[in-house]
Amino acid sequence: MLSIEPGDSKGMIEREGRRRVQIDFSPAAYARLDSIRERSEAQSNAETVRNALRLYDWFLRQRDDGFEVRLVKGDEERAVELLW
């Protein structure tokens with residue numbers, strides 16, 4: 001479970017095989033997180049972050065296997081260049 005609560009000096013607390021992570025967000029980043037949570041109908045910020053991590057992990061595995069990301073809408077197709 002991801003929680004934004006105080007942790008130890010490293011920002012993490014381990015309980016029952018889980019780790020708690022403290023994350024500091026700028027106001028703009030928190031607004032983005034909140035917007036994504038609402039649009040995705042996630043129950044919590046923790047669920048939103050877990051879903052984002054799964055998607056990012058999937059993306060990295062696809063990229064590592066030589067695939068590229070494309071957007072397709074009807075007959076239109078766009079290659080996506082991700083700059084991170």
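This report walks through the fold, the hairpin, one helix and the side-chain contacts of a predicted model.

## The overall layout

Let's start with the big picture. The protein's secondary structure consists of two helices and four strands. If you follow the chain from its start, these elements come in the order β-β-α-α-β-β.

How much of the protein is buried? Of its 84 residues, 13% fall into the buried class. The surface that the protein exposes comes to about 7,400 Å², and carbon and sulfur atoms contribute 51% of that area. Contacts across the sequence can be summed up too: taking those between residues at least 6 apart in sequence, 11% connect residues at least 24 apart.

## The hairpin of β3 and β4

Now turn to the two strands numbered β3 and β4. Strand β3 covers residues 70-73 and strand β4 covers residues 76-79. The two pair in the antiparallel sense, with four bridges between them. Two residues sit between the strands of this hairpin, and glycine 74 adopts a positive phi near 60° there.

Which residues face each other across the pair? Leucine 71 has arginine 78 of β4 as its bridge partner, and lysine 73 stands opposite glutamate 76 in β4. As a general point to keep in mind while viewing the strands, side chains in a regular strand alternate between the two faces of the sheet.

## Charged side chains around the hairpin

The structure has seven salt bridges, and some of them involve hairpin residues. Arginine 70 bridges to glutamate 77, with 3.3 Å between the closest N and O atoms. Arginine 70 is partly exposed because its relative accessible area is 42%, which lies between the 20% and 50% limits. Glutamate 77 is partly exposed as well, at 49%. In another salt bridge, the side chains of arginine 78 and glutamate 76 come together at 2.9 Å, N to O. Glutamate 76 has a relative accessible area of 39%, so this residue is classed as partly exposed.

Arginine 70 also has a partner outside the strands. Its side chain is joined to that of glutamate 68 by a polar contact of 2.4 Å. Where is glutamate 68 found? Glutamate 68 belongs to the loop between α2 and β3. Is glutamate 68 buried or exposed? With a relative accessible area of 53%, glutamate 68 is exposed, because the cut-off for that class is over 50%. Glutamate 68 and leucine 82 are 14 residues apart along the sequence, and their C-alpha atoms are 9.7 Å apart in space.

## Two buried residues in helix α2

Helix α2 spans residues 45-64, and asparagine 45 is part of it. Asparagine 45 counts as buried because its relative accessibility is 18%, and the cut-off is under 20%. Setting aside residues up to four places away in sequence, asparagine 45 touches Tyr30, Leu33 and Arg37. With tyrosine 30 there is also a polar contact, side chain to side chain, at 3.2 Å.

Threonine 48 sits in helix α2 too. Its relative accessibility is 5%, so threonine 48 is buried. Beyond its neighbours within four places in sequence, threonine 48 contacts Leu33, Ile36, Arg37, Ser40 and Ala42. Threonine 48 is also 14 residues from aspartate 34 in sequence, with 8.8 Å from C-alpha to C-alpha.

## A salt-bridge network and an aromatic pair

Asp34, Arg37 and Glu38 are connected in a network of salt bridges. Within this group, the side chains of arginine 37 and glutamate 38 meet at 4.0 Å, N to O. Arginine 37 is partly exposed, with a relative accessible area of 21%. Glutamate 38, at 51%, counts as exposed.

Finally, the rings. There is one aromatic pair in the structure. Phenylalanine 25 and tyrosine 30 form this pair, with 6.2 Å from centre to centre and 70° between the planes. Why is the pair described as edge-to-face? The angle of 70° is over the limit of 60 degrees, so the arrangement counts as edge-to-face. Phenylalanine 25 is partly exposed at 32% relative accessibility, and tyrosine 30 is partly exposed at 36%. Tyrosine 30 therefore has two partners described here: phenylalanine 25 in the aromatic pair and asparagine 45 in the polar contact.

How values were computed
Residues numbered from 1 in each chain as written. Predicted model: local features only at pLDDT ≥ 70, side-chain atom pairs only at ≥ 80, totals over all residues. Heavy atoms only, no water. Pairing = 2+ DSSP bridges. Phe/Tyr/Trp six-rings, centres within 6.5 Å; stacked < 30°, edge-to-face > 60°. Buried < 20%, exposed > 50% of the residue type's maximum accessible area, 1.4 Å probe, protein only. Polar contact = N/O pair within 3.5 Å; in protein donor to acceptor, adjacent residues only side chain to side chain. Contact = heavy atoms within 4.5 Å. Areas by Shrake-Rupley, 256 points an atom, 1.4 Å probe, with all protein chains shown as cover.
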